[in-house]
Amino acid sequence: MKHRIVVLGAGYAGAFAAGNLARRLSPADIEITVVNAVPDFVERMRLHQLAIGQDLAVRKLADVFAGTGVRLRLARVTGVDPERRTVAVTGEDGDGELAYDTLLYALGSSVAHHGVPGVAEFAFDVTGRSSALRLRERLAGLGGGGTVLVVGEGLTGIETATEFAESRPDLSVALAARGEPGAWLSPKARRHLRQAFDRLGITVHEHTDIEAVEPTRAIAADGRSIPADVTVWSAGFAVHPIAAAGGLEVAGTGQIVVDRTMRSVSHPDVYAAGDCGYAIGENGRPLPMSCASAGFTTMQATAAIIARLTGSEVPTTGLKYHGNHISLGRRDAIFQMVDGDARSKSWYLGGKAAARLKSGVLKGAGWGIAHPTFGMPKRKRRLATAPDRSGVRVAA
């Protein structure tokens, strides 16, 4: 019998993990299955570009995993039973169930509505390909002079507002922020951001809580009405309640509570990577939901899985941020260096050089996903020989 590894989700975390596991473990011992709801790899960090009408290359997951031995199951995850070590799925082939010996949970996150009236009915978001395409269609039909309100002063909100304003100067773009956009940046970087807003004609509503969204406007907590033919909601992320419903220990956010190796503290056969894992960084604080966190946690989770299955010492990978990278359209960006406590340093890189750096990072991430066998070792590692309760060879 082979050791069955099931990876839930094929975003940045899941796709990278599956390719890395296939690259480093022997197919004589391992069977890897990836479950994903759609057939394409979605570059989530570029979805605001897709929404405004830019064409992005589409990578089929079947092509990504071709020749790796990874099995792709196109289905939506409907439940997890960590006691029975099974995953319930539904897809074109109907309902089904997958058994696993090791589970890597990487289902990511979606937009958080925060219970604000009208968000679910009238707002758009860029957290998924389908929602970005819905927004793309709406914006394409919006004539010159139309109004777009982006709600949220985080990285997604800033990148979305600036991308839209640069690509569609005929639109009136505004950003609603609960505080000051880029408040965590160094003074010089904040000034750069403000100049970018001014250059692109973006109206910034600082210290503005949105309490309701309607078809043609948003209502602020102070009673102001902000016109918006289109409201884009980017005020945070939320995870699906599947993990909590299955009995895994979760934090108040619904994220799976993991140890330093990204292993579930309640079920040792389960690992979590990306937005769905509640991991503590080297500064003692929970890692934020971000692409950078997905990279850190995925590298740690795959390293731990490989080490434990092959009887090796479990290594620890860094969980420390070095900077924030913010796109401000296609020709401008900010790269802000941070210290060990994630506080901004005085130095930052801005302008075209930062934009080229961000473009390189995105291309590198996409290339890495598209080439999972790059650097494949000549001899893959074999599993240890101690049997588990299923009779499968795993580490002692």
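Here is a friendly conversation about how some labels in this predicted model are earned.

Colleague: Let's begin with the rings. How many aromatic pairs does a search of the whole structure find?

Modeller: The search of the whole structure finds 1 aromatic pair, and its members are Y12 and F41.

Colleague: Why is the pair of Y12 and F41 called edge-to-face?

Modeller: Rings pair if their centres lie within 6.5 Å, and planes over 60 degrees apart count as edge-to-face. For Y12 and F41 the values are 5.3 Å centre to centre and 90° between the planes, so both conditions are met and the name follows.

Colleague: What makes this pair a tie between parts apart in sequence?

Modeller: Y12 belongs to helix α1 (residues 12-24), while F41 belongs to strand β3 (residues 40-41), so the pair ties together parts that are 29 residues apart in sequence. Both residues are buried, too.

Colleague: How do you know that the charged end of R44 sits over the ring of F237?

Modeller: The charged end of R44 is 4.9 Å from the centre of the F237 ring, and the distance cut-off is 6 Å. The label also asks for a position within 35 degrees of the ring normal, and R44 is listed as sitting over the ring of F237.

Colleague: On to the sheets. What makes β5 and β20 edge strands?

Modeller: The open sheet has 5 strands in the order β5-β2-β1-β9-β20, with parallel pairing. β5 (71-74) and β20 (270-272) each pair on one side only, which is what puts them at the edges. From one strand to the next, the twist averages 20°.

Colleague: How do you know that β2 and β5 pair?

Modeller: Two strands need at least two bridges to pair. Strand β2 (residues 30-36) and β5 have 4 bridges in the parallel sense, so they qualify. One of the bridge partners is R71 in β5, which goes with T33.

Colleague: Which helices pack on that sheet?

Modeller: Among them is α1, touching β1 (3-8), β2 and β9 (102-105), with its direction at about 165° to that of β2. Helix α9 (residues 291-310) packs there as well: it touches β1, β2, β9 and β20, and its direction makes about 155° with that of β20.

Colleague: Why is N36 called buried?

Modeller: Buried means under 20% relative accessible area. N36, in strand β2, has 11% relative accessibility, so it counts as buried. A polar atom of the N36 side chain lies 2.8 Å from the backbone nitrogen of A10. Among the residues that N36 touches are G9, L61 and R73.

Colleague: What makes β6 and β8 the edges of the antiparallel sheet?

Modeller: That open sheet of 3 strands has the order β6-β7-β8. β6 (76-81) and β8 (94-99) each have a single partner strand, so one side of each is left without a neighbour in the sheet. β6 and strand β7 (residues 86-91) are joined over 5 bridges, and T90 in β7 is the bridge partner of R76.

Colleague: Last one: is S186 buried or exposed?

Modeller: S186 is in the loop between β12 (172-176) and α7 (187-200). With 3% relative accessibility, S186 counts as buried.

Colleague: Why is the link between S186 and Q336 called a polar contact?

Modeller: The cut-off for the N or O atoms is 3.5 Å. The side chains of S186 and Q336 are joined at 2.9 Å, so the distance passes. S186 also touches residues including S344, K345 and Y348.

Methods:
Residues are numbered from 1 along each chain as its sequence is written. This is a predicted model: local features need pLDDT of at least 70, side-chain atom pairs count only at pLDDT 80 or more; totals for chains, interfaces and linings use all residues. Side-chain values use heavy atoms; hydrogens and water are left out. Rings of Phe, Tyr and Trp (its six-membered ring) pair if their centres lie within 6.5 Å; planes under 30 degrees apart count as stacked, over 60 as edge-to-face and the rest as tilted. Helices (H or I, at least four residues) and strands (E, at least two) are DSSP runs, numbered from the N terminus. Buried means under 20% relative accessible area, exposed over 50%, partly exposed in between (1.4 Å probe, protein chains only). Axes are lines fitted to C-alpha atoms, for helices over the stretch in contact, and angles run from 0 to 180 degrees between N-to-C directions. Contact means heavy atoms within 4.5 Å. A polar contact is a pair of N or O atoms within 3.5 Å; within protein, one must be able to donate a hydrogen and the other to accept it, and residues adjacent in sequence count only if both atoms are side-chain atoms. Lists of a residue's contacts leave out its neighbours within four places in sequence.
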